[in-house]
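This report describes the nonpolar cores, one buried position and one surface patch of the structure shown below.

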Amino acid sequence: VIDVPYLEINDEAGCAAEARRGRAMGFTGKFAIHPRHVAPIVEIFTPGPQEIERATALLAASERAGGGAVEFNGRMVDEAVLRSARRTMALVRAGSTT
């Protein structure tokens, strides 16, 4: 799901703040209506090293368990969480999140 564009073209900090809120709400990207907004949007929606490490470890644990629900770091992980980890790794492979 892609978030709507930020309309204040001269406010990169505001765009970044809105993109962070959108990502926290589950959006997977954000439309940009001005080139100044592209860099902050890409930065915010690009998985960071910790997110990549967690997704890699979670998918490896699932594979070792033969798929399905698995315990990871003391928590139950189901298909929805695994899908999110797969999406993270797909973004890494694609090299883009927008």
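## Nonpolar cores

A nonpolar core is here a set of buried Ala, Val, Leu, Ile, Met, Phe, Trp, Tyr and Cys residues joined through side-chain atoms within 4.5 Å. The model under discussion is predicted. Its largest nonpolar core comprises nine residues: Ala55, Leu58, Ala61, Val70, Phe72, Val77, Leu82, Ala85 and Met89. Two or more residues of this core come from each of helix H3 (49-64), strand S3 (70-72) and H4. A second core, separate from the largest, has seven residues, among them Ala16, Ala19, Ile41 and Ile44.

In soluble globular proteins, nonpolar side chains tend to be buried together.

## Contacts of valine 70

Valine 70 belongs to the largest core. When neighbours within four places in sequence are set aside, valine 70 is in contact with Ala61, Ser62, Ala65, Arg75, Met76 and Val77.

## Threonine 88

Threonine 88 lies in helix H4, which spans residues 79-94. Because its relative accessibility is 8%, threonine 88 counts as buried, the cut-off being under 20%. Residues up to four places away in sequence not counted, threonine 88 touches Pro47, Glu51, Ile52 and Ala55. Of these contacts, Ala55 is one of the residues of the largest nonpolar core.

## Surface patch

Leu7, Ile9 and Ile33 make a nonpolar patch of about 290 Å² on the surface. Leucine 7 is placed in the loop between strand S1 (2-3) and helix H1 (12-24). With a relative accessibility of 64%, leucine 7 counts as exposed, since the cut-off for that class is over 50%.

Notes. Residues are numbered from 1 along each chain as its sequence is written. This is a predicted model: local features need pLDDT of at least 70, side-chain atom pairs count only at pLDDT 80 or more; totals for chains, interfaces and linings use all residues. Side-chain values use heavy atoms; hydrogens and water are left out. Helices (H or I, at least four residues) and strands (E, at least two) are DSSP runs, numbered from the N terminus. Buried means under 20% relative accessible area, exposed over 50%, partly exposed in between (1.4 Å probe, protein chains only). Contact means heavy atoms within 4.5 Å. Patches are made of residues with over 30% relative accessible area and no salt bridge: like charges are joined within 9 Å, nonpolar side chains (Val, Leu, Ile, Met, Phe, Trp, Tyr) within 5 Å. Accessible areas come from the Shrake-Rupley method with a 1.4 Å probe; for residues, only the protein chains shown count as cover. A salt bridge is a side-chain nitrogen of Lys or Arg within 4 Å of a carboxyl oxygen of Asp or Glu.
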